[in-house]
Amino acid sequence: MISQRTKDALAAVKARGVKLGNPQIRKAQEAAAERRMAIAEDFAANVLPIIREIQATGASMRKTAAALNARGIPTARGGTWAATQISHILKRDGSNGASRIGA
């Protein structure tokens with residue numbers, strides 16, 4: 001019954017000529033993507049000095065990930081670190097092209 005009432009209400013709104021949904025969806029999607037990138041850049045900038053400090057001891061990416069986990073530093077999504085994530089953080093770092101894969 002709920003489904004039918006919702007469909008009927010949406011049909012009535014459409015019949016009145018109201019355009020449903022976000023009329024500027026592309027603009028909203030672009031703004032959301034920019035915000036996600038900014039959050040990712042901020043996180044990378046905050047964790048990069050710690051990664052560099054660990055790497056200064058000669059640690060590999062795998063050992064760097066283990067060290068971050070041992071320190072209780074969560075990933076951006078609150079999980080545990082893996083070598084791949086260390087690689088992605090280093091790729092974001094524009095100050096040292098040598099650490100970038102494929103650079």
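Author: A crossing of two helices is called right-handed if the near helix is turned clockwise from the far one by less than a right angle, and left-handed if the turn is anticlockwise. With that in hand we can read this structure, which is a predicted model.

Reader: Which helix does helix 2 pass in a right-handed crossing?

Author: Helix 2 passes helix 3 in this way.

Reader: What describes two packed helices in general?

Author: Two packed helices are described by the angle between their axes and by the distance between those axes. In this model, helix 2, which covers residues 25-55, packs on helix 3, residues 61-70, at an angle of about 120°, and their axes are 10 Å apart. Angles from 65 to 115 degrees count as roughly perpendicular, and this one lies outside that range without being over 145, so helix 2 and helix 3 are oblique to each other.

Reader: Which residues of helix 2 and helix 3 make the contact?

Author: On the side of helix 2 the contact is made by I50, I51, I54 and Q55, and on the side of helix 3 by M61, T64, A67 and L68. By character, the residues of this contact between helix 2 and helix 3 divide into six nonpolar and two polar, with no charged residue.

Reader: How do the axes of helix 3 and helix 4 cross?

Author: The axes of helix 3 and helix 4 come within 8 Å and cross at roughly 100°, and these two helices are therefore roughly perpendicular to each other. Helix 3 contributes M61, R62, T64, A65 and L68 to the contact, while helix 4 contributes A83, I86, S87 and L90. The residues of this contact of helix 3 with helix 4 divide into six nonpolar, two polar and one charged.

Reader: And where helix 2 meets helix 4, which residues make the contact?

Author: The geometry comes before the residues: the axes of helix 2 and helix 4 come within 9 Å and cross at roughly 105°, which makes helix 2 roughly perpendicular to helix 4. From helix 2 the contact takes M37, A40, E41, F43, A44, V47, L48, I51, R52 and Q55, and from helix 4 it takes I86, I89, L90 and R92. The residues of this contact between helix 2 and helix 4 divide into ten nonpolar, one polar and three charged.

Reader: R52 appears in that list; is R52 buried, partly exposed or exposed?

Author: R52, which lies in helix 2, counts as partly exposed, because its relative accessibility is 25%. The C-alpha atom of R52 is separated by 26 Å from that of R35, and these residues are 17 apart along the chain.

Reader: What describes a pair of aromatic rings?

Author: A pair of aromatic rings is described by the distance of the centres and the angle of the planes. Here the count comes to one aromatic pair. The rings of F43 and W81 have centres 6.0 Å apart and planes at 15°, so the pair is stacked. The pair links distant parts of the chain, with F43 in helix 2 and W81 in the loop between helix 3 and helix 4, 38 residues apart. F43 counts as partly exposed at 22% relative accessibility, whereas W81, at 6%, counts as buried.

Reader: Where is the place of P23?

Author: P23 is in the loop between helix 1 and helix 2, and with a relative accessible area of 62% P23 is exposed. The C-alpha atoms of P23 and G58, 35 residues apart along the chain, are separated by 53 Å.

Conventions: Residues are numbered from 1 along each chain as its sequence is written. This is a predicted model: local features need pLDDT of at least 70, side-chain atom pairs count only at pLDDT 80 or more; totals for chains, interfaces and linings use all residues. Side-chain values use heavy atoms; hydrogens and water are left out. Axes are lines fitted to C-alpha atoms, for helices over the stretch in contact, and angles run from 0 to 180 degrees between N-to-C directions. Helices (H or I, at least four residues) and strands (E, at least two) are DSSP runs, numbered from the N terminus. Angles under 35 degrees count as roughly parallel, over 145 as roughly antiparallel, 65 to 115 as roughly perpendicular and the rest as oblique. Contact means heavy atoms within 4.5 Å. Ala, Val, Leu, Ile, Met, Phe, Trp, Tyr, Cys and Pro count as nonpolar, Asp, Glu, Lys and Arg as charged, and the others, Gly among them, as polar. Rings of Phe, Tyr and Trp (its six-membered ring) pair if their centres lie within 6.5 Å; planes under 30 degrees apart count as stacked, over 60 as edge-to-face and the rest as tilted. Buried means under 20% relative accessible area, exposed over 50%, partly exposed in between (1.4 Å probe, protein chains only).
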